[in-house]
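Please look over the model shown here. A short report on it follows.

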Amino acid sequence: MPSSTIVSFAGGDLRGSSTVSRVETSSRGTIVVVDATPFHPVDHTWPDQPGDTGELSAEGNVVRVAEAVMAAVSDEGQFAVGADIPVKRGVEGWTWLVGHPIDGDAPSWLVEGARVELSVDAPRRAGLSRGHTACHLASLALDIALGDLWRKDPGADALGNPNFEARANQSSRIHEDGAVDEYRLGKSLRRAGFDTETFVATLGEREAAINAQLATWVSTGASSGVAPEGPAIVDRRSWHCELPEGDAEILCGGTHVESLSEFVSISVALDLTDPQLLVMTTKAVPAV
Ligand SMILES: [Zn+2]
């Protein structure tokens with residue numbers, strides 16, 4: 001029985017060395033699996049943060065790794081990658097792996113049992129970590145800025161505010177130094193007690209309130225990080241940030257900055273071009 005890949009990205013690792021456990025041919029090309037990796041893979045069911053890119057090497061030989069992906073192998077031996085995985089992460093009967101896609105066929109040195117060095121592209125990881133932390137902070141600031149628009153209690157977010165994010169968010173796409181979040185403003189949100197009319201009429205004020213909140217948070221330089229419940233890719237992880245309002249904790253499979261002092265600023269723009277769909281675009285300016 002194979003075992004789940006051990007991952008070190010939660011602690012910020014960019015490098016590692018490990019043993020190749022599988023080299024598979026899949027719909028995504030050649031996929032290399034190792035026992036332990038620093039590569040963060042894109043999730044196959046909630047693909048918010050793109051996977052890391054980088055290199056695998058051994059004794060002077062190097063291959064590029066395209067965006068790392070989730071892979072899984074069933075107890076019956078079925079190997080699947082990314083969107084081809086037929087079950088949700090963590091389902092019994094499957095072992096969960098990080099897949100490292102490489103171009104073309106595997107070179108002769110890259111075989112099961114070989115020792116390899118793994119190296120993640122550092123600037124891209126740092127940009128994605130800033131984008132992901134900025135995304136979480138923007139959603140918490142959005143919940144605060146919309147807090148007075150609820151006629152019924154929608155449940156609380158990580159800071160105890162009415163959880164617009166959980167009620168309305170339908171997709172989140174993180175990129176280097178930013179994110180785009182989409183929120184559905186339909187009938188079901190109205191039925192849940194959200195005052196859409198007042199929101200639409202005060203969009204500019206709401207955006208300004210979010211940006212003021214984000215500026216305050218960035219100025220604290222609060223510590224931020226990922227707490228894993230275990231060492232394997234399948235174990236739950238959560239993001240923590242010690243904000244003045246409290247220690248925000250959100251279940252999260254991604255990577256994050258160590259401190260809000262890594263930002264000069266975080267800001268959002270709210271767009272309601274489609275009145276049924278709020279688009280929040282988050283932009284981070286890194287401290288150099
Ligand atoms: Zn997250």
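## The zinc site

His136 is buried, with a relative accessible area of 8%. Buried means under 20% relative accessible area, exposed means over 50%, and partly exposed lies in between (1.4 Å probe, protein chains only). This is a predicted model: local features need pLDDT of at least 70, side-chain atom pairs count only at pLDDT 80 or more, and totals for chains, interfaces and linings use all residues. Residues are numbered from 1 along each chain as its sequence is written, and side-chain values use heavy atoms, with hydrogens and water left out.

His132 is buried too, at 1% relative accessibility. Both histidines lie in helix 1, 4 residues apart, about one turn of the helix. Helices (H or I, at least four residues) and strands (E, at least two) are DSSP runs, numbered from the N terminus.

Which protein atoms are the donors of the zinc ion? They are His132 (NE2), His136 (NE2) and Cys252 (SG), lying 2.1 to 2.3 Å from the zinc ion. Donors are N, O and S atoms within 2.8 Å of the metal (3.2 Å for Na, K and Ca). Water is not among the atoms, so sites may look incomplete. In sequence, the donor residues follow the spacing H-x3-H-x115-C.

## The sheet

An open sheet holds 8 strands in the order 6-5-10-2-3-9-7-8, with antiparallel pairing. Its edge strands are strand 6 (61-65) and strand 8 (79-81), and each pairs on one side only. The twist averages 40° from one strand to the next. Axes are lines fitted to C-alpha atoms, for helices over the stretch in contact, and angles run from 0 to 180 degrees between N-to-C directions.

Two strands pair if DSSP finds at least two bridges between them. Strand 5 (residues 54-58) and strand 10 (residues 115-120) are an antiparallel pair with 4 bridges. Glu55 has Ser119 in strand 10 as its bridge partner.

## Salt bridges

A salt bridge is a side-chain nitrogen of Lys or Arg within 4 Å of a carboxyl oxygen of Asp or Glu. The count comes to 9 salt bridges. The table lists some of them.

| Acid | Base | Closest N and O atoms |
|---|---|---|
| Asp121 | Arg64 | 2.8 Å |
| Asp148 | Arg206 | 2.6 Å |
| Asp195 | Arg151 | 3.7 Å |

Asp121 lies in the loop between strand 10 and helix 1 (122-145) and Arg64 in strand 6, so the pair ties together parts 57 residues apart in sequence. Asp121 is partly exposed at 22%. Arg64 is partly exposed at 45%.

Asp148 sits in the loop between helix 1 and helix 2 (164-168) and Arg206 in helix 5 (residues 203-220), so this pair ties together parts 58 residues apart in sequence. Asp148 is exposed at 57%, whereas Arg206 is buried at 9%.

Arg151 is in the loop between helix 1 and helix 2, and Asp195 is in the loop between helix 3 (187-191) and helix 4 (196-201), 44 residues apart. Arg151 is exposed at 61%, but Asp195 is buried at 14%.

## Aromatic pairs

Rings of Phe, Tyr and Trp (its six-membered ring) pair if their centres lie within 6.5 Å; planes under 30 degrees apart count as stacked, over 60 as edge-to-face and the rest as tilted. There are 4 aromatic pairs by this rule. The rings of Phe164 and Tyr183 have centres 5.3 Å apart and planes at 35°, so the pair is tilted. Phe164 is in helix 2 and Tyr183 in strand 12 (residues 178-184), 19 residues apart. Phe164 and Tyr183 are buried. Ring pairs link Trp150, Phe164, Tyr183, Phe194 and Phe199 into a cluster.
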